[in-house]
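Open the model in your viewer and keep the selection box ready. Each stop below gives you something to select and tells you what is there.

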Amino acid sequence: MSKIVAVLSLFAGVVGSGAASAQSLNFSGLNGDAEEQVLSYYAGGAGGLGSTGGPNYGITFSPNAIVCSVQPTGNCNSAALPTGGNLLFFLGGGAATMNVAGGFDTGFSFYYSAVNNPAFVKVYSGLDGQGSLLATIDLATTPNGAGTAGCYGASFCPYVPIGVSFSGIAHSVDFGGSANQVAFAAITINASTPPGVPEPAAWATLIGGFGLAGGAMRIRRTRVAFAAA
């Protein structure tokens, strides 16, 4: 039975552990300004625009998984990524899929921002979202940071840390919800909390923001809601 590591667990300092070391993806080597597909960048291959040099974790992404750069200098309607790099979002379909050829265990975690619509993440024992469902994380909507200091007027900000612990070996993850309406950062395998989780006081302040209305997302491009003018 999976165990969601959400708000209360983070207060308790839950940290993933196990024989395998945690591996976190921040997508910094991909071209976020041009919204590059991740594809096999983390499996010794290249992103959709030819970017190479990523660590070979045996991790690939479905073609609808795309990265985007953030404010103040990037072109996305997002800012303040907790671990730097680029955000990940998806276009088309109900989910993007991450495959991990060698599998992972113990836990899975990330940061996310979902201003307008709830989302979900599902962890499977098989590749391509097949096999047994090992864990599900339901993602609530998050505050709209357009008027928040440090968000540079971007709506998809701040980011919320969340994760899950599970039994068994996982080989794929679906990142789902409404296409172009949820952003992910610091995707981490083999750990039930992502790197750099805020101190409890800061996290409590962030939780308080959940009571605020999300507001309408300002779409800066027709195709990509995260992209800025």
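Buried means under 20% relative accessible area, exposed means over 50%, and partly exposed lies in between, with a 1.4 Å probe and protein chains only. This is a predicted model: local features need pLDDT of at least 70, side-chain atom pairs count only at pLDDT 80 or more, and totals for chains, interfaces and linings use all residues. Residues are numbered from 1 along each chain as its sequence is written, and side-chain values use heavy atoms, with hydrogens and water left out.

**Whole chain**

Start with a cartoon view. The protein has two helices and twelve strands. Helices (H or I, at least four residues) and strands (E, at least two) are DSSP runs, numbered from the N terminus. Read in that direction, the elements run β-α-β-β-β-β-β-β-β-β-β-β-β-α. Of the 229 residues, 49% count as buried. Now switch on the surface. About 9,000 Å² is exposed, and carbon and sulfur atoms supply 55% of it; the areas come from the Shrake-Rupley method with a 1.4 Å probe, and for residues only the protein chains shown count as cover.

**Disulfides**

Select the bonded cysteines. A disulfide is a pair of cysteine sulfur atoms within 2.5 Å, and the count comes to two. Cysteine 68 is joined to cysteine 76, S to S 1.8 Å. Cysteine 68 is buried at 0%, and cysteine 76 is buried at 0% too. Next, go to cysteine 151 and cysteine 157, joined with S to S 2.0 Å. The torsion about their S-S bond is about -75°, so this disulfide is left-handed. Cysteine 151 is buried at 3%; cysteine 157 is buried at 1%. In sequence order, the bonded cysteines pair 1-2, 3-4.

**Strand 6 and its partners**

Select residues 95–104. This is strand 6, and seven of its ten residues are buried. Which strands pair with strand 6 in the antiparallel sense? Strand 3 (residues 59–61) does so over three bridges. Strand 11 (residues 170–176) does so over six bridges. Two strands pair if DSSP finds at least two bridges between them. Zoom in on asparagine 99. Its bridge partner in strand 3 is threonine 60, and in strand 11 asparagine 99 stands opposite serine 172.

**Nonpolar cores**

Show side chains. A nonpolar core is a set of buried Ala, Val, Leu, Ile, Met, Phe, Trp, Tyr and Cys residues joined through side-chain atoms within 4.5 Å. The largest has 38 residues; Phe27, Phe61, Met98, Phe108, Phe110, Val123 and Phe184 touch the most other members. A second, separate core of 15 residues includes Cys68, Val70, Ala183 and Ala185. Centre on phenylalanine 110. Leaving out residues up to four places away in sequence, its contacts (heavy atoms within 4.5 Å) include Val121, Ile137, Val160, Phe184 and Pro194.

**Aromatic rings**

Finish with the rings. Rings of Phe, Tyr and Trp (its six-membered ring) pair if their centres lie within 6.5 Å; planes under 30 degrees apart count as stacked, over 60 as edge-to-face and the rest as tilted. The whole structure holds twelve aromatic pairs. Select phenylalanine 104 and phenylalanine 108: the centres are 5.9 Å apart and the planes at 40°, so this pair is tilted. Both residues are buried. Move to phenylalanine 175 and phenylalanine 184: the centres are 4.9 Å apart and the planes at 65°, so this pair is edge-to-face. Both are buried. Last, select Phe104, Phe108, Phe110, Tyr112, Phe166, Phe175 and Phe184, which form one aromatic cluster.
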